[in-house]
Amino acid sequence: MSSEDTQFIRAVAPERLHRAADLGGLAFETTADLAALPGLVHQQRAQEAISFGAAMGQRGFNIFAIGAGGARMQHAAKTLLDDAARARAYPRDWVYVANFAEAHRPVALALPGGRAPGFQKAVHDLIDDLRVSLPAVFESEDYQKRRGSIEQAIQAKNEQAFAALNERAAAKNIVILRTPMGFGMAPVKNGKVVPPAEFNGWPEAAQQETQAAIAELEKELEQTLRAIPRTEKAQRDALRALDRETAEVAVAPPFEHLKAAFADLPAVLAHIEAMRADLLENVQYFVSPEAAAQGAAQAAMRLAGPFDRYEINVFVTQADHGAGAPVIEEPHPTLANLVGRIEYQQVQGALVTNFRLIKAGALHRANGGMILLDARSLLSEPYSWQALKRALLRQEVTIEDVARFIGLATTVSLEPDPIPLDVKVVLFGDRMLYYMLISLDPEMAQHFKVLADFDDEMDRSPESEAMLARLIGGMAAEGGLRPLDRGGVARAIEHAARVADDAGKLTLMVERLQDVVAEADHLAGRAGRGVIGAADIEQAIAGRIHRGARIQERGREMILRDIALIETSGARVGQVNGLSVLSLGDYAFGQPSRITCQVRPGAGRIIDIEREVKLGGPIHSKGVLILSGFLAGRYALEVPMSLTASLVFEQSYGGVEGDSASSAELYSLLSALAEVPLRQDLAVTGSVNQHGMVQAIGGVNEKIEGFFDICAARGLTGTQGVMIPASNVQHLMLRADVVAACAAGRFAVYPVASIDEGIALLAGVPAGGRGADGAYAEGSVNRRVEDRLRRFAAARREAEGEHGEGKPG
Amino acid sequence: MSESDGFRRLVLDIGHGAADAAALRAAEAFARLLGVELHCVFIEDEAVLALAGLPFAREYRLPTHDWSPIDASALAAELRHAAVQARQLLDRTLGDDGVPRAFEVLRGEPAACLAGLCRTDDIVVRVGPQARGAAPLASCLLLPRGFQPRGGAVVAVMAGDDDPALEVACRIAAAAGDGLMVLAGRAVDEASVRARAVAAGVPVGRVVVRCVAVGKPADILSALGGMREQVIVMARPAAGEAEVAGLFEGRRVPMLLI
């Protein structure tokens, strides 16, 4: 066909249907010959943002890195962050120690980085030494003598008092008897106790004298016995003072030695002194087996021996990592993993704990450095996001127990000192999540002032292709895969452009490329090849398509079996093949849809049947409304629109969204109005604006291939093809079979810039322009449309005249 | 000592706080070393029971420190309960570790009961310097209050060659695996003492004989000096335990007077 409108629409040249990779400037046989690219590739903006955020010391300049999934942001950013962390000061170690005054409030002590294990060992060794040396001191001759002397003195005092009392009693012929519960007194005669019967036979005077003597002696007995607790207390005090003095002498040298090792740390020295004081108070645990056993029984309720109260809980130490600050990744940011936890164990039905069961979280380990968190994982864990913000606001980490949040009481709890926090937080997430947070959470902007926006793709050039080749080679080497040859690299680069859906771009979502390369490696291995070639990459891509194509093939089958009616030859009035893309998971494919239009006189309304039944999304509805604007702007400037048209996607029973079919809808509408048939061997995609300009759409490659597959299955006629927006030609990265068919003249892709161009190609009739008289050319599509609308207007006026106020059509 | 040259048992009065857990353990240790039974007694003092018959008698009760009238039946019940508690203390403290033991409740005057119970081959254990009960015929083991059994040399004080302290001290030293220190008066044949000690099972290298004056406790104290001994074995002084009280209080070690 030819027309003044179509004469300039030529099919896209085959070489523009698929842009081949250009590796001519890169000399290599396989990727093993290429140096890998470390860190970030073509992410200048994100790289600068991360470097800035990492260097920024002010509060709130934490980093939120956003990008599409598969961009390996975290992996790439970590290299930058590791470099920045190396320049940071070496963070402090933190330990928890017992609070001897308030046992439930363990004390946090800071030490210079790497010194905590040494402190722990030194204290442990000191206690171990004292467990041996203190008992020896208390078993020494000197101590035993002094202790014995004290005990003897007190005992002697009591015994002397008793002996004196006994003597006084004996002088009065009275004896003091020991009863099961105390003491009594009885008269004696000749050294023997006088039986009651005999006593009762004594003269009254003798009895009374005896009673008087006993009464007096009872007072003395009472005084003597009441004095015993005082003397015993005096003994205990004296023994305690002796024990303390003995212990002080014994513990002084090891404690002085310990203090000397940490003389530069006042807080540690203070704790050592508190430890010494507590040890002297509780020296019996070291000395007496019974006291130690009792203390052990009590301490078992706290899951610790009596000596464990002196041990050191090394909470965080830098001893195991190299220079600079830590960079910690927390893949599972539960509240406990983030801010630490207090562990409990069950003892006799109760949950008990002690300061040694306090465990550090990721924020503690990252303190002084950086922590990397996945934003979605963080938000998915209860309380974690709030806890992180609290920690950043207060600049300290408090260990928070989820059980308390949800009302579960624990029998023994701790309130450890919070740890001061100085950490750079780097969150990674997708764009939608970031923009939702920034708009809905006012604290988000307060704490995450640095946005690192990772590009999804880069401009395609020989230089960027060479960069991608090195990146792919590095990924293969890192994954232990076979190297790729030049063909394999080229094919992978072309696939990167296809993933970017743009011949002029290359995707930076390298995980998708990595998956393809991994599959190709497997195929190459199965075939016994030592390198991955283009055929392996091609086969891997085909394999992935095949695995996801079941629904696509079923849809195609329905079309080929005429269950879903799609014509690929002939012409129809008011009917056109539209194209849509279906996305199922990570697989997308195109398929044709029949779009039809019916017109009649009416009130100027275009009925979008999809919208009427709520199957049409807002963008789709917008596209249809634009058609009204186009019609009115072109054909109803002088007369009102007297048209009612209904548009529908035939045999479509699911939701329809997007405006990429709006040009097809307009073609079918114009065809219906002009009563000119449209070619069914062409499919159409492209959105249209109110001025009739055809605009770019997405998924152009899938749409073309979807229609091609139908036509190829039925047998290519040589006239079939797809009309695409001219602005989409730059996105073409079609399959090799499609390119071959186009090169052979058996299929074609037509770039269309305007509705007039498109209608002319579809109808085989020029669209027509307005002449000097303002009328469209005779026989043109526009003329026919305009004439038809005039007839509708007349019919409507006639109908309204007959019926008074006319009803809408 | 009996003609068989051995002891039969250790007799320990454990009533009314006369002996506590430490004393039981110490007595048991010596019973094991001597290879004898530990015989514990609880004596229900008749005089105590008779107190209830005195119209003016009352009891000063501890730990409440108040005076209470004495009820005979209550007092008897308390005595019985005290006996039970004493038995429980014995069982709890010593467990079942192989030293034969017995427990007996007696009623009467304590000293007379002990004297009546003990034979010449018994050893009466007395805890502390004021412990009651003198059994004239029996040997006597004086234990310091709160004494914990310990290692150290066994000391025998011999006034003459036929002093029975040597044999007993050798038996204890051999059983304990410890050394023997003999403080021998001038009349003692040193070589004979060594030979007898070795024959009794004390390793030859662990026998020390020192010829010193042993007539007075002060002499013995001086001879012992800074040594750490576990027991001093000597013949019972004719004048009684009071004569050795100074030695006992000075060394604060068990003394076996035979």
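Reply: Let's settle one definition first: Ala, Val, Leu, Ile, Met, Phe, Trp, Tyr, Cys and Pro count as nonpolar, Asp, Glu, Lys and Arg as charged, and the others, Gly among them, as polar. Keep in mind too that what you see above is a predicted model.

Me: Thanks! Then how many residues of each class are in the lining of the second largest pocket?

Reply: That lining has 13 nonpolar, 11 polar and 16 charged residues. The pocket itself has a volume of about 1200 Å³. Among its 40 lining residues, A:R498, A:I545, A:Y587, A:A588 and A:E702 are the closest to the centre, which makes them a handy place to start looking.

Me: Which elements give two or more residues to the lining of this pocket?

Reply: They belong to chain A: helix 18 (486–500), helix 19 (510–526), helix 20 (534–548), helix 21, strand 21 (575–584), strand 22, helix 25 and helix 26 (736–743). Helix 20 of chain A provides the largest share, 8 residues.

Me: And which domains does the lining draw on?

Reply: Domain 1 (33–38 + 458–546) and domain 4 (554–767 + 774–803) of chain A each contribute at least three residues. For orientation, the assignment for chain A also gives domain 2 (85–91 + 324–451) and domain 3 (134–293).

Me: How should I read the meeting of domain 1 and domain 4 of chain A?

Reply: Try distance, contact and buried area in turn. The centres of the two domains, taken over C-alpha atoms, are 38 Å apart. In the contact, 11 residues of domain 1 of chain A meet 14 residues of domain 4 of chain A. Between them the two domains bury about 840 Å², with 42% of that on carbon and sulfur atoms.

Me: How many salt bridges does the rule find across that interface?

Reply: There are 3 across the interface of domain 1 and domain 4 of chain A. To practise reading a single pair, take A:D586 and A:R544, whose closest N and O atoms are 3.8 Å apart. That pair counts because the rule accepts a nitrogen within 4 Å of a carboxyl oxygen.

Me: What about salt bridges over the whole structure: how many are there?

Reply: The search finds 70 over all chains. One pair to look up is A:E220 with A:R168, where the closest N and O atoms are 2.5 Å apart. A:E220 sits in helix 6 (residues 204–261) and A:R168 in helix 4 (residues 141–171) of chain A, so this bridge ties together parts that are 52 residues apart in sequence.

Me: Now for empty space inside. What is the idea behind a cavity search?

Reply: Rolling a probe the size of a water molecule over the atoms shows where empty space is left. In this structure the search finds 2 cavities of 30 Å³ or more. The largest has a volume of about 50 Å³, and the second largest holds about 40 Å³.

Me: What lines the largest cavity?

Reply: Its lining includes A:Q552, A:R556, A:F589, A:P592 and A:D709. Helix 21 (550–560), strand 22 (587–601) and helix 25 (700–714) of chain A each supply at least two of the lining residues. By class, you will find 4 nonpolar, 5 polar and 2 charged residues there.

Me: And which element gives the most to the lining of the second largest cavity?

Reply: Helix 13 of chain A does, with 4 residues. Strand 14 (396–397) of chain A also supplies at least two. Among the lining residues are A:V339, A:R390, A:R394 and A:E400, and the classes divide into 4 nonpolar, 1 polar and 4 charged.

Me: Let's turn to chain B. How is it divided into domains?

Reply: The assignment gives domain 1 (9–53 + 68–142) and domain 2 (153–257). Their contact takes 15 residues from domain 1 of chain B and 17 residues from domain 2 of chain B. About 1300 Å² is buried between them, and carbon and sulfur atoms give 66% of it. On the domain 1 side, B:L33, B:L34 and B:L142 lose the most area, together 48% of what that side buries. The rule finds 0 salt bridges across this interface.

Me: Finally, how do chain B and chain A meet?

Reply: Here 27 residues of chain B are in contact with 30 residues of chain A. The two chains bury about 2700 Å² between them, 61% of it from carbon and sulfur atoms. The count between the chains is 1 salt bridge: B:R58 pairs with A:E218, with the closest N and O atoms 2.8 Å apart.

Conventions:
Residues are numbered from 1 along each chain as its sequence is written. Chains are lettered from A and ligands numbered from 1 in the order in which they are written. This is a predicted model: local features need pLDDT of at least 70, side-chain atom pairs count only at pLDDT 80 or more; totals for chains, interfaces and linings use all residues. Side-chain values use heavy atoms; hydrogens and water are left out. On a 1 Å grid over the protein atoms alone, a cavity is a set of points where a 1.4 Å probe fits but cannot get out, and a pocket is an open set with protein on both sides within 12 Å along at least five of seven lines; lining residues have an atom within 4 Å of a point. Grid points are joined across faces, edges and corners, and a volume is the space filled by probe spheres set on the points. Domain bounds come from an automatic or database domain assignment. Contact means heavy atoms within 4.5 Å. Buried area is the accessible area (1.4 Å probe) that two parts lose on being put together, summed over both. A salt bridge is a side-chain nitrogen of Lys or Arg within 4 Å of a carboxyl oxygen of Asp or Glu.
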